Amino acid sequence: MSEIVLQIDGTKVRATEEMTILDAARNAGISIPTLCHNEKLEPYGACRICTVEVESGGRTSLAAACVRPVEKDLIVKTRSEKVDRIRKMLVQEALAHASDSAELRNLAQQYGADKDRFEQESSLCILCGLCVRYCAEIKKKDALAFLDRGVKREISFIPDVASKECWNCKECFSLCPTSALHAAWALIEALAFPNTRLQQKPEKEETA
Ligand code: SF4
Ligand code: FES
């Protein structure tokens, strides 16, 4: 594994070639916000909140730190006027889905985002894909999937799989940065298999 030296926020940082900018920054104790990233999962690059400014060969551009590999002599700025403006806009858009999310509110505070900048959307989901990917990549169950496209895109439990696999798992629930997953679960529970809970065998038989 060859070593690469790059600069992040004015500090020389050592990394190995398979690392992303996010990996290198975190190794060096430099924080970059993320919403769709999880170290156990393949990089996804959906939310763009990890956007940073990169300078390579005299050219400056923007990159998603969680998917952009490190490069020799790359110069990275994790904060700049442009980066902060982009993050503020992205947080505002996400807040339109989930204004109560503690994670989003925390980001809103850091980037001066207004939770009422955009009209509230009916879906609580910010399409980070953490739940769908966790179930597919780690649990290998595919009990969740994205449905539809564009503005109608949303996640849903797959009733046949979820009714068998999810009751004793629910490991993805804590990954959701909003309450979208709980809402989707409540919906599928009520609509698709309303009696399943009643059919569940209690873990311990009641002793009279
Ligand atoms: S339900 Fe939650 S974890 Fe799943 S994609 Fe939507 S916001 Fe992300
Ligand atoms: S954390 Fe990088 S795109 Fe979501």
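**Exercise 1.** State how many aromatic pairs the rule gives, and classify the pair of phenylalanine 157 and tryptophan 185.

*Solution.* The count comes to four aromatic pairs, where rings of Phe, Tyr and Trp (its six-membered ring) pair if their centres lie within 6.5 Å, and planes under 30 degrees apart count as stacked, over 60 as edge-to-face and the rest as tilted. The model is predicted: local features need pLDDT of at least 70, side-chain atom pairs count only at pLDDT 80 or more, and totals for chains, interfaces and linings use all residues. Residues are numbered from 1 along each chain as its sequence is written, chains are lettered from A and ligands numbered from 1 in the order in which they are written, and side-chain values use heavy atoms, without hydrogens and water.

Step 1. The ring centres of phenylalanine 157 and tryptophan 185 are 5.1 Å apart with planes at 70°, so this pair is edge-to-face.

Step 2. Phenylalanine 157 belongs to strand β7 and tryptophan 185 to helix α6, so the pair ties together parts 28 residues apart in sequence; helices (H or I, at least four residues) and strands (E, at least two) are DSSP runs, numbered from the N terminus.

**Exercise 2.** Classify the pair of tryptophan 167 and tryptophan 185, and decide whether tryptophan 167 is buried or exposed.

*Solution.* Step 1. Tryptophan 167 and tryptophan 185 are edge-to-face, 5.3 Å centre to centre with 75° between the planes.

Step 2. Tryptophan 167 counts as buried at 10% relative accessibility, and tryptophan 185 at 5%; buried means under 20% relative accessible area, exposed over 50%, partly exposed in between (1.4 Å probe, protein chains only).

Step 3. Phe157, Trp167, Phe173 and Trp185 form one aromatic cluster.
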